[in-house]
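Open the model in your viewer and turn on the cartoon display. Keep the sequence panel beside it.

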Amino acid sequence: MSRNVFIFLFHLGVAGLAGLSVHVLADIVGWPGPRWLPIAMVALLAAGPVDHCASIIHRRMFG
């Protein structure tokens, strides 16, 4: 699997999990605003570390 495809799929999976967890947390807390705002904040904050982790995992799995 190419590095770019792996990183894209890794980002997609992590973004899905982050979006789901923030959505559930917003329901629990009773977030009055739009749901996309906290999801977007989490996605922007996590983009750098997720890319770094995906690169390391790809290197260790595929050489």
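This short tour goes from a helix pair to a surface patch, in a predicted model.

**Stop 1: the two helices.** Select residues 3-29, which form helix 1. Then add residues 36-62, which form helix 2. How far apart are the axes of helix 1 and helix 2? They lie 8 Å apart, and the helices pack at an angle of about 140°. That angle makes helix 1 oblique to helix 2. Look at the crossing too: helix 1 passes helix 2 in a right-handed one.

**Stop 2: the contact.** Stay with the helix pair and show side chains where helix 1 meets helix 2. The contact residues divide into 16 nonpolar, four polar and two charged.

**Stop 3: the patch.** Now switch to a surface view. Select M1, V5, F8, L9, L12, I57, M61 and F62. Together they make a nonpolar surface patch of about 790 Å². Which helix gives the largest share of this patch? Helix 1 does, with four residues. Click L12, which lies in helix 1. Helix 2 takes part as well: helix 1 and helix 2 each supply at least two residues of the patch.

Definitions and conventions. Residues are numbered from 1 along each chain as its sequence is written. This is a predicted model: local features need pLDDT of at least 70, side-chain atom pairs count only at pLDDT 80 or more; totals for chains, interfaces and linings use all residues. Side-chain values use heavy atoms; hydrogens and water are left out. Axes are lines fitted to C-alpha atoms, for helices over the stretch in contact, and angles run from 0 to 180 degrees between N-to-C directions. Angles under 35 degrees count as roughly parallel, over 145 as roughly antiparallel, 65 to 115 as roughly perpendicular and the rest as oblique. A crossing is left-handed if the near helix is turned anticlockwise from the far one by less than a right angle, and right-handed if clockwise. Ala, Val, Leu, Ile, Met, Phe, Trp, Tyr, Cys and Pro count as nonpolar, Asp, Glu, Lys and Arg as charged, and the others, Gly among them, as polar. Patches are made of residues with over 30% relative accessible area and no salt bridge: like charges are joined within 9 Å, nonpolar side chains (Val, Leu, Ile, Met, Phe, Trp, Tyr) within 5 Å. Accessible areas come from the Shrake-Rupley method with a 1.4 Å probe; for residues, only the protein chains shown count as cover. A salt bridge is a side-chain nitrogen of Lys or Arg within 4 Å of a carboxyl oxygen of Asp or Glu.
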